[in-house]
Amino acid sequence: MKPKGIQKTITLGDGRTITLETGILAKQADGAVTVRCGDTILLGTVVAAKEAREGIDFLPLQVEYREKFSAAGRFPGGFFKRENRPHDGEILVSRLVDRALRPLFPDDFHGDIQVQVSMISSDRKNPADSLACLAGAAAIAVSDIPFHGPVSEVRVVRKDNAWVINPTFEQLDGAELDLIVAGTAKDILMVEGEMHEVPEAEMIEAIKLAHESIKDQCRVIGELAAEVPKSLVKRTYSHEENDPGLQKAIYDATFQKYYDIAVHPSSKEERSEAFGKVKEAFIATLAEEQVAKKAMLDRYFKKAQKAAVRRVVLEKGIRLDGRKTDEIRPIWSEVGVLPGTHGSAIFTRGETQAINLLTLGSKMDEQTVDTPLVKRNDKFMLHYNFPPFSTGEVRPIRGPGRREIGHGNLALRALKPVLPSEAECPYAIRLNCDILESNGSSSMATVCSGTLALMDGGVQIKAPVSGIAMGMISDPDGKYAILSDILGDEDHLGDMDFKVTGTSKGITATQMDLKVDGLSYEVLAQALEQARAGRLHILGEMMKTMDKPNPDYKPNAPRIVFLEIPKEAIGPVIGPGGRVIQEIQAETNTTIVLEEVNGSGHVQITSEDKDGLEAALARVKAIAFPPTAEIGVTYKGKVKTIMPYGAFVEIFPGTDGLLHVSELDWKRVERVEDVLKEGDVIEFQVVDKDPRTGKLKLSRRVLLPKPEGYVERENNGGERRNHGDRPHRERRERREHGPRQDR
């Protein structure tokens, strides 16, 4: 008999409902909840190890979001016909959920935790990604795993000046602002999204609206958990070994030394060496059994160092590299650095450096996206790479990780709103960014170098985009400092990582993670205003290198022309079995893509050869918009096919005529092959048009000198007789049109 579950319902502003249910599925997990909106259903589960693995001093959290093809009634692509590695969309949703959950686990909990969220049904109306965090957080809430929740996540969009929470796919399409916001009933924890150059005030308004909905969802999660006996008593654990006396001794002995190092500006390498010497000097005073407690010692030294550096910033307003809180590191940039690319740029800000390569291609180069809910082609791609040498490390390269996919997606969102329309720029566009040095936000360096590479390549972007990473350091007494253009060390020891990109008009993308409770909207507004000033400064430095796109593409970039043709011309351009279009491509060294869009044919022709491009365009136009062959006019064309009774010759692309064997020469020709062969280009004249079929009749002999004394042979009716003309014509008509009684 089916067990009775526990259900709770959340009502959205437009009347749709979200239903949470537990106690039915996956009962051997520590926690399991289904979340349903319409006919879109997600299953969220969590399992946590009761003991921590030896030597673990961090939170080993795994968050996995998956979409089942069967949920949408589809087969997976590929040979094996089953779900394989997660696609980029699943990885990005996994990151969003991870960033909302991770800060709320206890600092001293180090047991392995796995949160899995699966889309098991889809109505193709309600997106699943905006429900993923709700499913994972609810699963944790009904478990006995220690957690400082509840937490939830919603999407907020603005479309046609109206705000919508958790929109449908239809409502999401064309939105000018799209944010995912996560938080508890008290605080905002995470923000990520893209916008079309919106002002900072509108972004804050969106976050406030999202938070109201988050509060309601957290309340319902709490009510659900309150009815699950397991969740009422959280498990006890002991995942850290601590020695308060040793911790105090380390703090007392090292705090001032760390403080003195932080007061004096230094490079990343110098700081690392100086901090390391402080640690080594103290360890040398410890007994052997204390030295063996490496994980414990590392925690205590990090806490002392973090406290000292934060104190310097709050008390003296001095940062590790000597800058003021709102000061941007020195910037230099260069474009056109790689002649073999279609555009390139280097952007360097302090100890962070990115090189970005632009490639332009045809529709054939667009990226096919095939997921359970989405099947489309993307014409803009941005790939971010973080090689180990950028931080002086040695580690194996195993392809892009989640961090690289996430950073690349943020940069892509930042630049996408300023790209020209397809009519203005028909190219598929790929930016490939390698981080050459990293100490501070490399994703924002990717945005800046991407802007410059696009402009260097002649892509007419609507406006240049810059980006900045902001940080914050605060204390329990309410004192805080907002930091512009943060270093890597400031990211680790700070309370906020806030990335903002935009043009001079407004924001195009953002990503924010908070590590403390209680960020007020006033502080958020101050951070955004300081970020705006920093963005504009960085943009000004970029404009010193290049202030507008080049007027044309690079000489080595492929050229593309676009042509719209009538629907009925699509078939003739393609030809039987694709013969015509393949022939044009081969003979003109071009790539031609033809699609039917809204009842007409869209033709895109790509080539690096200007003459070939023009030749291909002329041939397609001649087929799609054929000129009229005039009787008595001489043309030049290619022999396409030879038959026993004559040859079919191309007058224009897609327009042929019959050159009968009797019209090859004034003298009798026994075999057409004695005079012509396929592929020959000959001159001829159009001499007649069959009024019934519209077929054109050609003559070569009328262009040749008539032999002296030539006499036309007469038939019984006094007309010139073309030898063998009637039998050949009748056979041809039977072959083309069938027996006369069928016509």
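Start by selecting L12, R16, I18, C37, N126, P127, S130, L131, N166 and P167, the residues that line the largest cavity. The model is a predicted one, so read each stop on this tour as a feature of that prediction. About 40 Å³ of space lies inside this cavity. The structure holds 1 cavity of 30 Å³ or more. Colour the lining by residue class and the selection divides into 6 nonpolar, 3 polar and 1 charged.

Next, select residues 132-141, which form helix α2, together with residues 200-226, which form helix α4. The two helices pack at an angle of about 35°, and their axes are 9 Å apart. Turn the view until one helix lies over the other: α2 passes α4 in a right-handed crossing. Now show side chains at the contact. From α2, display L134, A137, A138 and A141; these meet Q217, I221 and A225 of α4. By class, the residues of this contact are 6 nonpolar and 1 polar, with no charged residue.

Move on to the sheet made of β22, β24 and β23. Its 3 strands form an open sheet in the order β22-β24-β23, with antiparallel pairing. Select 559-566 for β22 and 591-597 for β23; these are the edge strands, and each pairs on one side only. From one strand to the next, the twist averages 20°. Then add residues 600-607, strand β24, which pairs with β22 in the antiparallel sense over 8 bridges. To find one position in register, label E564 and look across to H602 in β24, which stands opposite. Keep the sheet on screen and select residues 610-624. This is helix α16, which packs on the sheet and touches β22, β23 and β24. The direction of α16 makes about 0° with that of β22.

For the last stop, select strand β27 (residues 655-660) and strand β29 (residues 696-699). They pair in the parallel sense over 2 bridges. Label L658 and K697 here: L658 stands opposite K697 in β29. Now add residues 681-689, strand β28, which runs antiparallel to β29 and is joined to it by 4 bridges. Which residue of β29 is the bridge partner of Q685? Selecting S699 shows the partner of Q685.

Finish between the two strands of this hairpin. The hairpin of β28 and β29 has 6 residues between the strands. Select G694 and check its backbone: this residue takes a positive phi near 80°.

Notes:
Residues numbered from 1 in each chain as written. Predicted model: local features only at pLDDT ≥ 70, side-chain atom pairs only at ≥ 80, totals over all residues. Heavy atoms only, no water. Axes fitted to C-alpha atoms, helices over the stretch in contact; angles between N-to-C directions. Left-handed = near helix turned anticlockwise from the far one by under 90°. Contact = heavy atoms within 4.5 Å. Nonpolar A, V, L, I, M, F, W, Y, C, P; charged D, E, K, R; others polar. Pairing = 2+ DSSP bridges. 1 Å grid on protein atoms, 1.4 Å probe; cavity = no way out; pocket = protein on both sides within 12 Å on 5 of 7 lines; lining within 4 Å. Points joined across faces, edges and corners; volume = space filled by probe spheres on them.
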